[in-house]
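Got your viewer open? Here is a tour that goes from stop to stop, with something to select at each one.

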Protein chains: 4
Amino acid sequence: MIKAGIIGATGYAGAELVRILARHKEVSIAWLGSRSYIDKKYASVYQNMFQLVEGSCLDDQLDQLVDEVDVVFTATPQGYLASVMKEEYLEKARFIDLSADYRFQDVDVYEAWYKIEHKSPQLMEEAVYGLCELNREQVKKARLVANPGCYTTCSILTAYPLVKEGLIDPDTLIVDAKSGASGAGRGAKVNNLFCEVNENIKAYGIATHRHTPEIEEQLSYAAGRQVTINFTPHLVPMNRGILATEYASLVKNPDGSLPDEKQIRGAYEKYFAQEKFIRLLEAGVFPETKWTEGSNYVDIGFQVDMRTGRIIMIGALDNLVKGAAGQAVQNMNLMFGFAEAEGLDLVPLFP
Amino acid sequence: MIKAGIIGATGYAGAELVRILARHKEVSIAWLGSRSYIDKKYASVYQNMFQLVEGSCLDDQLDQLVDEVDVVFTATPQGYLASVMKEEYLEKARFIDLSADYRFQDVDVYEAWYKIEHKSPQLMEEAVYGLCELNREQVKKARLVANPGCYTTCSILTAYPLVKEGLIDPDTLIVDAKSGASGAGRGAKVNNLFCEVNENIKAYGIATHRHTPEIEEQLSYAAGRQVTINFTPHLVPMNRGILATEYASLVKNPDGSLPDEKQIRGAYEKYFAQEKFIRLLEAGVFPETKWTEGSNYVDIGFQVDMRTGRIIMIGALDNLVKGAAGQAVQNMNLMFGFAEAEGLDLVPLFP
Amino acid sequence: MIKAGIIGATGYAGAELVRILARHKEVSIAWLGSRSYIDKKYASVYQNMFQLVEGSCLDDQLDQLVDEVDVVFTATPQGYLASVMKEEYLEKARFIDLSADYRFQDVDVYEAWYKIEHKSPQLMEEAVYGLCELNREQVKKARLVANPGCYTTCSILTAYPLVKEGLIDPDTLIVDAKSGASGAGRGAKVNNLFCEVNENIKAYGIATHRHTPEIEEQLSYAAGRQVTINFTPHLVPMNRGILATEYASLVKNPDGSLPDEKQIRGAYEKYFAQEKFIRLLEAGVFPETKWTEGSNYVDIGFQVDMRTGRIIMIGALDNLVKGAAGQAVQNMNLMFGFAEAEGLDLVPLFP
Amino acid sequence: MIKAGIIGATGYAGAELVRILARHKEVSIAWLGSRSYIDKKYASVYQNMFQLVEGSCLDDQLDQLVDEVDVVFTATPQGYLASVMKEEYLEKARFIDLSADYRFQDVDVYEAWYKIEHKSPQLMEEAVYGLCELNREQVKKARLVANPGCYTTCSILTAYPLVKEGLIDPDTLIVDAKSGASGAGRGAKVNNLFCEVNENIKAYGIATHRHTPEIEEQLSYAAGRQVTINFTPHLVPMNRGILATEYASLVKNPDGSLPDEKQIRGAYEKYFAQEKFIRLLEAGVFPETKWTEGSNYVDIGFQVDMRTGRIIMIGALDNLVKGAAGQAVQNMNLMFGFAEAEGLDLVPLFP
């Protein structure tokens with residue numbers, strides 16, 4: 001049994017880590033970090049955890065924390081971990097960072113999109129991008145894992161096999177994504193009030209959202225060249241869930257025909273058939289976010305449109321589980337040699 | 001055409017005043033007060049009003065405002081108007097206060113429940129409680145109207161005829177009320193975030209909510225003696241609407257029988273048959289908040305329960321219209337001799 | 001490992017049974033009964049179960065079913081099980097009925113409120129009312145368990161200790177309950193459409209709802225005499241959850257004082273302190289349905305109101321879990337000697 | 001004052017016609033057609049109209065109806081009007097059809113996408129496509145107006161000026177649209193139940209939705225050549241509102257540069273600056289459906305993305321108003337020479 005510390009335990013992603021780890025057989029939570037609620041009982045902040053979690057919230061004392069735990073999860077604002085991280089910490093504990101600080105190889109990309117100076121760029125190369133299905137072996141050996149973003153997990157996995165196999169032209173890729181409100185976090189902002197979100201849908205971060213370069217970087221590895229895409233997120237009046245609707249032009253086969261349903265399905269199966277947490281839906285069935293709620297699944301479906309020569313790919317997941325805390329636990333399981341699905345045996349809740 | 005000033009124009013009740021007054025034939029809005037958004041275009045705060053309202057937000061300058069307008073609406077926090085009000089202001093403009101500052105005759109009740117020192121108690125007696133259907137004649141002559149609370153408007157009107165006619169025992173009255181989230185205002189608080197309100201229902205202010213004494217005072221006038229009740233509000237995941245479910249023991253007729261449906265209906269009709277904004281529903285039909293959305297209606301239904309000797313009375317309204325801005329405009333119409341329904345010809349939106 | 005059959009597996013309660021049993025260590029699902037979807041793959045009806053449940057839906061063949069399974073769950077319309085049940089079935093398998101058919105001791109009460117002729121009244125006495133916390137020992141020995149209603153589980157447990165201890169006058173009890181839409185089932189009715197339920201709250205079944213006599217019967221056992229109450233359910237725009245707000249007059253102590261917070265808490269603790277699935281909240285904390293979502297918990301809080309001499313008791317649960325499928329599994333665990341919480345180790349989902 | 005008849009008055013679009021016409025100064029409703037509710041009081045089906053609409057529902061007797069009214073609105077299933085329409089009817093009354101029956105010039109396109117045989121193709125050429133802002137003059141003279149679809153109104157208007165001016169390549173156009181649930185109508189289907197729609201988002205009709213050819217036909221007129229696009233609708237858990245997010249590649253200027261923000265804005269202004277019901281938002285402001293709720297506005301915003309050479313255009317409207325009933329009334333106003341905005345002076349409701 002290892003010990004885990006969470007910094008940012010009272011945000012929604014942090015709370016989901018607590019929910020999942022509370023039932024994990026190999027881990028106990030030893031540190032519930034939350035600067036906003038120091039000394040307050042955790043279960044009084046998240047009353048759903050009453051009688052399930054006994055501890056109180058602690059300040060962020062990384063110096064002390066790394067001596068007491070085996071793994072540190074940081075569910076913190078962008079820039080936090082980069083600004084405090086030291087080599088010494090990594091020698092004492094493994095880190096899984098749910099922020100964007102170590103998701104890029106190129107510090108310039110990070111600084112351009114996040115408008116933050118990166119304080120520990122020397123660690124960016126070592127950090128492993130923790131998309132388990134793509135980087136499983138590297139994750140196993142990692143000291144520092146950059147847990148992918150919620151939109152990006154969904155967007156990348158949905159397109160990856162087709163980009164990798166050259167079945168679509170990645171430069172025609174358009175990702176139109178929709179997210180529930182928990183993706184915006186638990187900060188007290190007018191924009192996130194019930195009455196502002198409810199009965200409403202809007203796009204935001206149009207042509208500027210910071211998950212764009214993250215998708216581009218990973219798909220560029222798949223394509224073997226630099227890829228530029230459009231990514232537009234939308235806010236949907238629901239608590240959880242991300243749906244990514246992705247459009248791309250199909251690349252013709254050598255004989256001039258367009259790839260058909262069977263070819264496309266074959267590509268998905270090549271990469272994902274053995275993946276427990278990726279469910280490739282049957283022909284004619286398309287993902288709905290509710291089918292993944294509370295679970296670590298990514299559901300993927302697609303439709304070839306012969307009229308336009310495009311494919312529509314659709315992916316869905318729970319942004320707090322596979323899009324954040326669940327994937328972080330999956331990464332931890334890999335890093336510590338536990339069964340990859342331990343603690344993630346979560347059945348989607350419907351309705 | 002008169003001129004109106006609104007202080008607190010960017011809260012939800014203030015914004016609803018703007019929505020209603022924008023179509024009022026006898027009034028133009030001359031002052032959009034909002035300390036939080038000074039100099040910002042109003043339509044950039046409430047983008048629904050784009051091309052409908054041209055002005056920008058102004059600071060709260062009552063000294064200046066009373067010289068420029070005929071009527072001032074204050075949609076402000078409790079205690080604000082009481083702390084700045086002067087006799088001089090009332091000589092220059094009429095005031096309709098959407099806060100609780102002048103809703104009570106007894107300053108001790110106000111201070112006990114609101115935990116605020118009242119700075120102008122000398123005006124409490126002059127102020128008219130602006131429940132138009134009950135106090136129409138006094139409102140017409142008033143300089144200062146205390147616009148009733150949202151829960152209280154619904155709770156009082158639903159029980160009033162039966163209390164007045166002695167058909168129910170007011171001390172057995174229990175009001176279990178449910179409200180949409182706009183009643184909590186537009187303040188940026190964690191409790192009001194989408195993810196905290198959505199998919200959830202809770203009671204709050206149990207045995208302590210400040211609308212309790214307001215209901216008690218008005219029903220005491222109806223009963224001719226001091227009345228004490230239970231009032232419990234609940235937060236419902238919807239934007240607008242209040243439903244009040246009220247329980248009371250029926251008072252037996254002289255012959256020992258319980259009042260029947262006809263007697264009860266007769267009492268409601270005696271007081272409300274001529275009221276345009278009160279709709280007494282047919283037997284077996286009970287109010288739903290959605291049927292009043294966006295309108296100034298109060299819908300009322302009831303059910304006699306011979307098994308228990310109680311009556312269940314149910315009222316519904318839109319908390320921002322009849323529960324706030326609509327009633328304020330109705331009061332203004334009475335005060336200035338306009339048609340009482342001017343600007344309030346609003347058809348409920350369904351769905 | 002025992003085998004379970006579910007009749008009515010594609011309703012919401014049936015689907016929740018599937019969700020819970022899918023992770024239960026002592027049970028496998030051997031029969032997914034659904035007349036509406038015969039031969040259709042279960043996971044194509046509930047796509048959230050894709051790759052988790054492999055079987056297809058079967059017709060309702062009780063004759064065959066009782067030979068193949070150890071326990072039968074019936075999540076069926078009122079009257080179904082009563083009309084087909086035979087002594088022979090009970091000799092072959094245990095039954096847990098989620099309908100109301102065996103919840104009453106008195107067939108007249110059933111027929112009066114349900115307007116259905118009961119076809120097997122001879123079994124009503126044998127059937128055990130499966131409110132585990134109250135009837136644990138009888139459930140262990142039962143062949144036929146009547147699983148309580150959703151509203152009733154919440155309403156009874158919230159008031160039980162105070163009725164039993166004589167701290168409240170049960171004839172003053174008023175239960176104002178609020179439920180999410182899954183309580184109305186999965187039938188295709190206009191009233192249950194999204195646009196009819198969303199942004200709306202209404203009462204229904206006023207003074208006539210069929211859970212009334214069920215609450216009365218159980219509280220009558222607690223009171224030691226016949227109890228008559230008011231029960232009013234409301235439909236709330238959310239998927240899951242029931243909140244019961246209950247009002248009753250406190251019974252004075254022999255010294256003329258009203259019971260205080262400590263006495264009340266003592267009564268709750270006397271009955272529930274050892275109950276894993278009942279969480280008595282701390283003073284000043286009141287239940288919210290979201291804190292129980294997806295779990296088998298009932299959360300209970302209360303407030304003494306010295307002004308009116310009443311107590312306000314509030315209970316919350318997930319209507320599909322503790323209010324239906326979870327409680328059914330808890331009953332099964334008791335009947336078969338499994339750990340009572342097996343399969344019910346469910347952490348509430350927030351947000 | 002003219003008389004209007006509505007066939008299909010109890011569907012959501014029909015009910016919205018009733019809501020709008022109830023306040024229209026030039027029209028009275030003389031016929032509330034609804035086969036499902038014959039002889040039932042209209043206000044008992046839509047209780048929001050209690051005391052506002054007095055009539056009862058009538059059967060569909062077109063023979064009689066055309067003698068009694070000046071204008072007939074048909075808010076009926078696809079194929080209905082085409083199957084009953086006669087020249088004689090058009091000589092007696094004007095028709096505004098909210099179905100798709102007369103939206104196409106080419107009967108083959110209709111039959112291919114709708115899988116219905118068209119019974120009166122001879123009228124397809126005469127019928128005017130009632131997108132008022134594009135076809136105002138033809139609408140004024142029309143006997144038969146095909147009221148556009150909800151998605152199509154939003155999708156076409158959002159892209160029209162840029163297609164017309166050749167600023168975008170129409171064959172690269174991708175329309176990713178999101179709609180509230182009222183667009184699915186009031187039919188009692190499991191898919192439209194609250195619990196199925198709430199807390200969920202999904203795409204549907206992928207590459208096959210019947211609004212696709214309607215968008216293509218109108219944009220082909222603008223482009224001066226045949227246009228083929230991708231259109232994907234999504235169901236969002238809200239009552240009203242459509243948001244269309246549209247992507248297209250910009251066409252380079254003769255000097256090789258991409259069109260900039262000013263050029264794009266100029267194109268929109270050229271066509272829409274004088275349009276009362278189209279609000280072109282300021283730079284950096286993007287539509288939200290809530291800002292249009294209950295009103296006849298279409299809000300449009302856009303963002304040029306120099307990185308990808310694409311433009312993202314976003315349009316929003318209320319699907320029941322500008323997307324159905326409001327536009328139908330706007331068409332009627334044009335046809336009868338009323339002020340175009342009569343009855344449509346509707347202020348968006350927020351929140």
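Before the first stop, one term: buried area is the accessible area (1.4 Å probe) that two parts lose on being put together, summed over both. With that in hand, show chain D and chain A, which bury about 4,000 Å² between them, 57% of it on carbon and sulfur atoms. Now pick out Glu199(D), Ile201(D) and Arg307(D): these supply 17% of the area that chain D buries against chain A, more than any other three residues.

A word on what you are looking at: this is a predicted model, where local features need pLDDT of at least 70, side-chain atom pairs count only at pLDDT 80 or more, and totals for chains, interfaces and linings use all residues. Residues are numbered from 1 along each chain as its sequence is written, chains are lettered from A and ligands numbered from 1 in the order in which they are written, and side-chain values use heavy atoms, with hydrogens and water left out.

**The D and A pair**

Stay with these two chains and colour the contacts (heavy atoms within 4.5 Å). You should find 48 residues of chain D in contact with 48 residues of chain A. How is chain D superposed on chain A? A rotation of 180° with 0.0 Å of shift along its axis does it, at an RMSD of 0.0 Å. That is the relation of a two-fold axis. The fit is by least squares on the C-alpha atoms of residues with pLDDT of at least 70 in both copies. Since 100% of the interface residues of chain D are also interface residues in chain A, the copies meet through the same surface.

**The A and B pair**

Next, swap chain D for chain B. Here 19 residues of chain A are in contact with 19 residues of chain B. In chain A, select Leu193(A), Phe194(A) and Cys195(A), which lose the most area to chain B, together 38% of what that side buries. The area buried between chain A and chain B is about 1,700 Å², with 61% of it from carbon and sulfur atoms. A rotation of 180° with 0.0 Å of shift along its axis superposes chain A on chain B, with an RMSD of 0.0 Å. Again the same surface serves both copies, as 100% of the contact residues of chain A recur in chain B.

**A covered helix in chain B**

Select residues 12-21 of chain B, which make up helix H1. Helices (H or I, at least four residues) and strands (E, at least two) are DSSP runs, numbered from the N terminus. How many of the residues of H1 are buried? Ten of its ten, where buried means under 20% relative accessible area, exposed over 50%, and partly exposed in between (1.4 Å probe, protein chains only). Among them are Tyr12(B), Glu16(B) and Arg19(B). Show what they pack against: helix H9 (194-197) of chain A is on the list, as are several elements of chain B, including strand E1 (2-7) and helix H12 (321-336).

**Glu293(B), with three chains in view**

Jump to Glu293(B), in the loop between strand E11 (278-280) and strand E12 (298-305) of chain B. Buried or exposed? At 6% relative accessibility, Glu293(B) counts as buried. Leaving aside neighbours within four places in sequence, Glu293(B) is in contact with residues that include Arg240(B), Asp318(B), Glu199(C) and Leu349(D). Try a distance too: the C-alpha atoms of Glu293(B) and Gly241(B) are 6.7 Å apart, though 52 residues separate the two in sequence.

**Backbone oddities**

Most residues other than glycine have a negative phi, and most peptide bonds are trans. So select the bond from Phe350(B) to Pro351(B), which is cis, with omega near 0°. In chain D, the bond from Phe350(D) to Pro351(D) is cis as well, with omega near -5°. For positive phi, go to Asp39(A), near 75°; with 63% relative accessibility, Asp39(A) counts as exposed. Then try Gln51(C), with phi near 70°, in the loop between helix H2 (42-45) and helix H3 (62-68) of chain C. Gln51(C) is partly exposed, at a relative accessible area of 40%.

**Last stop**

Finish at Ser28(A) in strand E2 (residues 27-33) of chain A. Beyond residues up to four places away in sequence, Ser28(A) touches Met1(A), Ile2(A), Lys3(A) and Ala4(A).
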